[in-house]
Amino acid sequence: VDSIEMMARAARDAGRSWMVLTDHSPSLGVTRGLRPEQVEAQRAEIERLNAELAPFRILHGTELEVRADATLDYPDELLASFDVVIASMHTARSQSAEQLMKRALAAVEHPHVDVLAHPTGRIVNRRDPIVLDWPRIFEAAARSRTALEINGSPRLDLDDALAGAAGRAGVMLTLASDAHRTEELDQLSYAVDVARRAWLRADQLLGTRSADQLVELVR
């Protein structure tokens with residue numbers, strides 16, 4: 001909703017040293033996701049703002065849609081150009097458990113995917129979570145070093161029970177505000193609360209690192 005500059009300045013004013021910008025990819029039509037040529041224009045805008053706002057830093061990411069057939073929205077060469085790639089499944093939630101697992105594993109095991117976002121797809125009091133084979137997801141995520149997201153929006157996804165189980169299985173996690181406007185940046189605090197309820201340590205969370213450390217870790 002708000003511009004990149006507004007989001008970055010609000011995050012900086014809140015005391016943060018970096019943020020990850022992850023606009024949607026195109027197949028999730030309701031979000032007006034970015035076409036590849038728009039990604040390049042966005043990259044140029046981020047470079048301009050990073051020069052202006054330094055030492056605050058905007059990392060260039062994407063929220064990549066995992067399509068119903070388990071393919072990903074952008075080609076590998078474009079994915080390789082992002083600092084952080086977050087994959088998510090918003091559509092075809094009524095598919096069989098087998099197909100949903102195929103999609104989730106396609107994302108988790110893809111070499112350019114760094115995070116699986118809001119893995120159960122739930123929204124508190126509005127939408128039930130999908131059912132996946134979580135031990136299998138955790139094993140694949142730990143093996144491929146793909147983080148799972150704790151989303152601080154009204155999704156609260158992962159919940160504390162699954163987040164704790166993921167941590168015990170050796171999976172890295174990340175905390176996200178899922179902010180679409182500056183007022184929602186504070187949603188990060190709810191993700192922090194879930195992580196604390198899950199008894200996660202700071203070293204199990206991507207966001208406790210510097211921007212350079214994060215980029216190095218996910219590459």
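**Thr-146 and the strand that follows**

In this predicted model, Thr-146 touches Val-108, Val-113, Asp-114, Val-115, Leu-116, Ala-141, Val-171 and Met-172, leaving out residues up to four places away in sequence. Thr-146 sits in the loop that links helix H5 (134-144) to strand E5 (147-151). Its relative accessibility comes out at 1%, so Thr-146 counts as buried, the cut-off being under 20%. The polar side of the story involves two partners. The side chain of Thr-146 gets to the backbone oxygen of Val-108 at 2.7 Å, and it also makes a polar contact with the side chain of Ser-144, at 3.0 Å. Val-108, then, turns up both in the contact list of Thr-146 and as the residue whose backbone oxygen its side chain reaches.

Moving on to E5, this strand is mostly covered, with five of its five residues buried. In a regular strand, side chains alternate between the two faces of the sheet. Here both faces are covered: Ala-147, Glu-149 and Asn-151 are buried on one side, and Leu-148 and Ile-150 are buried on the other.

E5 has strand partners in E4 and E6. With strand E4 (residues 115-116), E5 pairs in the parallel sense over two bridges, and Val-115 stands opposite Ala-147. To get from E4 to E5 the chain goes through H5, making a right-handed β-α-β crossover. With strand E6 (residues 173-176), the pairing is again parallel, this time over four bridges, and Leu-148 stands opposite Leu-173. The chain passes from E5 through H6 to E6, and this β-α-β crossover is right-handed too.

Leu-148 and Leu-173 come up again in the nonpolar packing. In soluble globular proteins, nonpolar side chains tend to be buried together. The largest nonpolar core in this model has 41 residues, and Leu-148 and Leu-173 are the ones with the most contacts inside it. Two or more residues each come from helix H3 (76-79), strand E3 (84-88), helix H4 (97-108), H5, E5, helix H6 (160-168) and helix H7 (188-197). H4 gives the largest share, six residues.

As for Leu-173 itself, setting aside neighbours within four places in sequence, its contacts include Ala-147, Leu-148 and Ile-150, which are buried residues of E5. Also on the list for Leu-173 are Leu-158, Ala-163, Ala-166 and Gly-167, along with Leu-200, Gln-204, Leu-205 and Leu-206.

Key:
Residues numbered from 1 in each chain as written. Predicted model: local features only at pLDDT ≥ 70, side-chain atom pairs only at ≥ 80, totals over all residues. Heavy atoms only, no water. Buried < 20%, exposed > 50% of the residue type's maximum accessible area, 1.4 Å probe, protein only. Polar contact = N/O pair within 3.5 Å; in protein donor to acceptor, adjacent residues only side chain to side chain. Contact = heavy atoms within 4.5 Å. Core = buried A, V, L, I, M, F, W, Y, C linked by side-chain atoms within 4.5 Å. Pairing = 2+ DSSP bridges. Right-handed = clockwise from strand over helix to strand, strands pointing away.
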